[in-house]
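Biologist: I should like a close look at a single part of this model, together with enough of the whole to place that part. Please explain what it meets and how its residues are situated, in terms that a first-year student can follow.

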Amino acid sequence: MKITFDCPDKINGLLTMTIEPTDYQEQVEKTLKNYRKKAQVPGFRPGMVPMGMIKKQYGTAVKVDEVNKLMGEKLYAYIQENKIQMLGEPLPNQEKQVPQDFEKDGELTFVFDIAVAPEFKAELTAKDKIDYYKIKADDKLIDDQVQMYASQAGEFVKAEVFSGNDTITGDLRELDEQGNTKEGGITTEGGMVMPAYIKAEDQKKLFDGVKPGDIITFNPKKAYPDNDAEVAALLKVEKDQVKDLTADFSYQITEIRHFQPAEVDQKLFDRVFGEGEVKDEKAFREKIAENIAPQLQQNSDYKFLRDVRQYLENKVGELQFPEALLKRVMLQNNKEKGTDYVEKNFEGSIKELKWHLIKEQIVAANNIKIEETDLKAVAKEAIRAQFAQYGMSNVPDDVLENYAAEQLKKRENVDNFVDRAVDMKLTEVLKNVVKLNEKEVSLEDFNKLLQEK
């Protein structure tokens, strides 16, 4: 076997592989002998079918399989041994590759286009200065957290007069053109409305100041234009029944429920942090600040790594990629989406590829490796964050361990956890490599910074 590789412009590689019969004949013969042992041909005992008949029937197909296997093994071994940084998969050369006749003996020649990563050097040292935004746990942020916990522990209570985000329950009767209850019309008991979500202002105003026992004239289709599903749910009928509905309805209000956040008292402290852990509101606020500090740091780290990316991309400068070849690779991987998809997404794909190559160098230079313990830690943190969204901040560690173990059984989750673990380790390392220009900001100002391009 002979393999040659030519890459005069450093990014468009041409690999030529010539395979001799001696490279595959032995394996082909071995495979055909196994076929002969198992072949069942009328008139012949098992294992006694003439080899000539086996070769005639299976020889070419076996040869193709063995050559393809051999070609794949040797191609990737050559790329690895010669440290060729290949982008995507090898593609048959469209000009130099000619059809190969597998039915004849003799050498076979395959020519591949290889997209090669551009050569560049990415590095960071103490001479590089990058902003690091430290988010303050100020009073507004603590107030928002207190309000969130109070809302999560809140409940609906009966109200005497409608206001704001109250929920109204009542009985609906379809009216005729004269404003009387329509005979055989739609009748609904316990229809629920949240006026705050009604789009039509004239319909929303009908509920201002209403009380239990009041009757208003209300038009569901005007209240929820282009939303037959909402109208059907209110009237408790099938969606098809409201398709052409235009009638007004009388709506007799039977109950108004007002959402009441929980009191900021010992009961709330115990619910959030466990019984007796917090004794007063001052300690409650301090505990909140302590608990959100890791999340604020995660936000700061996220912004830092994003800024590192921008800094390194600018420092590395413009890179030349084998664009025509990479478009072929992208199309090969997205055949069902076509060329329009490739053209639309190619620029973004190249931008991500550039960062991927830069990041690979930085990760290797800092000897960053991901262990199983890192993946488990990332999985547990992701699950802890999910529980926190529902106000559960004291989830036992064994529960987190079990959830993490289940998540790590899924391949698609593992890839995401690996990426996250790499980012976390890279961030911690780089914070000790570059010179940090620390700036203290509020969460509100920090979020504005995140929106900037």
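Modeller: A definition comes first: helices are DSSP runs of H or I with at least four residues, strands are DSSP runs of E with at least two, and both are numbered from the N terminus. In this predicted model, the protein has 14 helices and 11 strands. Its radius of gyration is 35 Å, whereas the globule rule gives 22 Å for 453 residues; the value is well over that figure, so the protein is more spread out than a compact globule. Along the principal axes, the C-alpha atoms fill a box of roughly 95 × 70 × 45 Å.

Some totals complete the overall view. Of the 453 residues, 36% are buried. The exposed surface of the protein comes to about 28,300 Å², and carbon and sulfur atoms supply 47% of it. Among contacts with a separation of 6 or more, 71% are between residues 24 or more positions apart in sequence.

The part chosen for the close look is helix α8, which covers residues 281–316. Consider one of its residues, Ile 288. With a relative accessible area of 0%, Ile 288 is buried, because buried means under 20%. Once neighbours within four places in sequence are set aside, Ile 288 is in contact with Ile 142, Gln 145, Val 146, Tyr 149 and Phe 273. A further pair shows how sequence and space can be compared: Ile 288 and Leu 141 are 147 residues apart in sequence, and their C-alpha atoms are 9.8 Å apart in space.

Another residue of α8 is Asp 301. Asp 301 is also buried, at a relative accessible area of 13%. Apart from neighbours within four places in sequence, Asp 301 is in contact with Tyr 132, Thr 427, Glu 428 and Lys 431. Asp 301 also belongs to the contact between α8 and helix α13, and α13 is made up of residues 411–431.

The axes of α8 and α13 come within 10 Å and cross at roughly 80 degrees. The two helices are therefore roughly perpendicular to each other. From α8, the residues in this contact are Gln 297, Gln 298, Asp 301, Phe 304, Leu 305 and Val 308; from α13, they are Arg 420, Asp 423, Leu 426, Thr 427, Glu 428, Leu 430 and Lys 431. By class, five of the residues are nonpolar, three are polar and five are charged.

Helix α8 also meets helix α10, residues 338–365: the two axes come within 10 Å and cross at roughly 95 degrees. That angle makes α8 roughly perpendicular to α10. Here Arg 309, Leu 312, Glu 313 and Val 316 of α8 meet Lys 351, Glu 352, Lys 354, Trp 355, Ile 358 and Ile 362 of α10. This contact has five nonpolar residues, five charged residues and no polar ones.

A residue of α10 itself, Gln 361, extends the picture. Its relative accessibility is 24%, and Gln 361 therefore counts as partly exposed. Gln 361 touches Phe 120, Lys 121 and Ala 122, with residues up to four places away in sequence left out. Gln 361 and Arg 328 are 33 residues apart in sequence, and the distance between their C-alpha atoms is 26 Å.

In summary, α8 is roughly perpendicular to α13 and roughly perpendicular to α10.

Conventions. Residues are numbered from 1 along each chain as its sequence is written. This is a predicted model: local features need pLDDT of at least 70, side-chain atom pairs count only at pLDDT 80 or more; totals for chains, interfaces and linings use all residues. Side-chain values use heavy atoms; hydrogens and water are left out. Axes are lines fitted to C-alpha atoms, for helices over the stretch in contact, and angles run from 0 to 180 degrees between N-to-C directions. Angles under 35 degrees count as roughly parallel, over 145 as roughly antiparallel, 65 to 115 as roughly perpendicular and the rest as oblique. Contact means heavy atoms within 4.5 Å. Ala, Val, Leu, Ile, Met, Phe, Trp, Tyr, Cys and Pro count as nonpolar, Asp, Glu, Lys and Arg as charged, and the others, Gly among them, as polar. The radius of gyration is taken over C-alpha atoms; the globule rule is 2.2 Å times the number of residues to the power 0.38. Buried means under 20% relative accessible area, exposed over 50%, partly exposed in between (1.4 Å probe, protein chains only). Accessible areas come from the Shrake-Rupley method with a 1.4 Å probe; for residues, only the protein chains shown count as cover.
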